[in-house]
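Grab the model and work through a few exercises on helix packing and charged pairs. Try each task yourself before you read the solution.

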Amino acid sequence: MFLAMSRILGTALAPVKHREEKTTLRSVTPRAKTVDVDLAPPTKRVPPKVPEGTPVVPPQDLASRPRRNRRSATVREAFRETILSPSNFIYPIFVHDGDDDIPIDSMPGQTRLGWKLGMIKKVREARAAGVNQVVVFPKTPDHLKSATAEECFNPNGLAQRSISLLKDTFPDLEVYTDVALDPYNTMGHDGMVRSDGVIMNDETVYYLCKQAVSQARAGADVISPSDMMDGRVGAIREALDAEGFTNVAIMSYTAKYNSAYYGPFRDALASAPRPGTEEWSIPKDKAEYQMDPANFRECLREAALDEAEGADIMMVKPAGAYLDIIRALKDNSTVPVSAYQVSGEYSMLKAAAAAGYLNEKDAVLESLIAIKRAGADLTLTYFAIDAAKWLQEM
């Protein structure tokens, strides 16, 4: 009896041998399925091959495959959300009171243009590439600079002569100007400097208004105050209107940060802050009036003020490191937004390309796409001519 039970239990407790199941995997590649000739018309197309050793796997159960909308150049172009155009670019030009074009060592490919010949030649090249907007930056001779920068509103000054010649030569060219005192100031600041190092706001704004009106008289289409003084947009708007320039627009440097990326530009214009003395303190940087790179919410305050004071366009400077600021202005204002891809951004890309670290064309166009995607309607860039030509080739 015990032996019989043991045999029964032993049989019952013995490991069960499961039936081996063969799993048939279905390939997701074209080789997995042969098209029935009765279900499709004849074709000369040859199915693509897969690398030897490619696993045969079942297809994932996916309702949506985003890559379907990226499968060909035609589809990618059709769904592209951000389109670059030369009409988006403003080309910054440096001019000097001479005949020869002078290379700027810290900005490879850029020069101080002779205002009579080189400037006209370069702008003609820009227009041929589809870029019909420029902003003029004058290199003021040292002997014309002063502590109060009166040269900025000289009716026969370099900036005014350059603006007038551009409009006489190219009547439909959109000419932007720079309004600030640093190119004309012996101390290298955007405003007048008091002996204790304080940048004088209201006195500076008074001269900025005179500068803006002189530029409008010369033919400027858009006045661009880059100084970051409080209240200057409203004061300039009032001054322009009082002189009958109601159609001259204002592109305000709304969110101009106290950035490390401006060095090559200051080389180009010799406009960096000068060392102070025991008798006269000069701030080493522009932190007192330009924005702190650590701040975000402050740009919303500046934007609200500039829009209320009559700005037609609001700018973010620099661009690449401040894409969040560009988006903030775009989302919180109804006026167009511009962004300045500044000299440091330009020189970094040029240096990396020269060293073989980056493909210049691809990197530049990607950077410009990013700026526009963030919300910029206009981009000031030293790559404007090259980028426009590259876009024409695509």
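A salt bridge here is a side-chain nitrogen of Lys or Arg within 4 Å of a carboxyl oxygen of Asp or Glu. Keep in mind that this is a predicted model.

**Exercise 1. Decide whether Arg 237 and Asp 241 form a salt bridge, and place the pair in the fold.**

Start with the distance: the side chains of Arg 237 and Asp 241 come to 3.0 Å, N to O, so with a cut-off of 4 Å they make a salt bridge. Next, the location: both residues belong to helix α6 (residues 232-242), where they sit 4 residues apart, about one turn of the helix. That spacing fits a general point: an α-helix has 3.6 residues a turn, so residues three or four places apart point the same way. Last, check the burial. Arg 237 has 13% relative accessibility and counts as buried, because buried means under 20%. Asp 241, at 35%, counts as partly exposed.

**Exercise 2. Find what the salt bridge between Asp 190 and Lys 256 links.**

First, the gap: the closest N and O atoms of Asp 190 and Lys 256 are 3.7 Å apart. Now locate the partners. Asp 190 lies in the loop between β5 (174-179) and β6 (192-193), while Lys 256 is in strand β9 (residues 249-256), so the pair ties together parts that are 66 residues apart in sequence. Are the two residues buried or exposed? Both Asp 190 and Lys 256 are buried. Finally, look for further partners: Asp 182, Asp 190, Lys 256 and Lys 286 are linked in a network of salt bridges.

For contrast, try Arg 194 and Asp 196, whose salt bridge has an N to O distance of 2.9 Å. Arg 194 is partly exposed at 40% relative accessible area, and Asp 196 is partly exposed too, at 47%. How many salt bridges does the rule give in total? The count is 18.

**Exercise 3. Work out how α3 (residues 118-128) is packed, and how it sits against α12 (384-393).**

Begin with the buried residues of α3: Gly 118, Met 119, Ile 120, Val 123 and Ala 126. They pack against β1 (89-96), β3 (111-114), β4 (133-139), α4 (158-169) and α12. Now take the axes: those of α3 and α12 come within 9 Å and cross at roughly 30 degrees. Angles under 35 degrees count as roughly parallel, so that is the label for α3 and α12. The contact involves Lys 122, Glu 125, Ala 126 and Ala 128 from α3, with Ile 385, Lys 389 and Gln 392 from α12. As for handedness, α3 passes α12 in a left-handed crossing. Just past the end of α3, Gly 130 has a positive phi of about 100 degrees.

**Exercise 4. Describe α5 (residues 201-218) and its crossing with α6.**

Check the length first: α5 has 18 residues and spans 26 Å from first C-alpha to last, close to the 26 Å expected. Its buried residues include Tyr 207, Gln 211 and Ala 218, and their cover includes α4, β5, β6, β7 (199-200), β8 (222-225) and α6. Turning to the axes, α5 and α6 come within 9 Å and cross at roughly 45 degrees, and are therefore oblique to each other. This crossing of α5 and α6 is right-handed. At the contact, Val 205, Leu 208, Cys 209, Ala 212, Val 213 and Ala 216 of α5 meet Arg 232, Ala 235, Ile 236, Ala 239 and Leu 240 of α6. Just after α5, Gly 219 takes a positive phi of about 120 degrees.

Definitions and conventions: Residues are numbered from 1 along each chain as its sequence is written. This is a predicted model: local features need pLDDT of at least 70, side-chain atom pairs count only at pLDDT 80 or more; totals for chains, interfaces and linings use all residues. Side-chain values use heavy atoms; hydrogens and water are left out. Buried means under 20% relative accessible area, exposed over 50%, partly exposed in between (1.4 Å probe, protein chains only). Helices (H or I, at least four residues) and strands (E, at least two) are DSSP runs, numbered from the N terminus. Contact means heavy atoms within 4.5 Å. The expected span of a helix is 1.5 Å times one less than its number of residues. Axes are lines fitted to C-alpha atoms, for helices over the stretch in contact, and angles run from 0 to 180 degrees between N-to-C directions. Angles under 35 degrees count as roughly parallel, over 145 as roughly antiparallel, 65 to 115 as roughly perpendicular and the rest as oblique. A crossing is left-handed if the near helix is turned anticlockwise from the far one by less than a right angle, and right-handed if clockwise.
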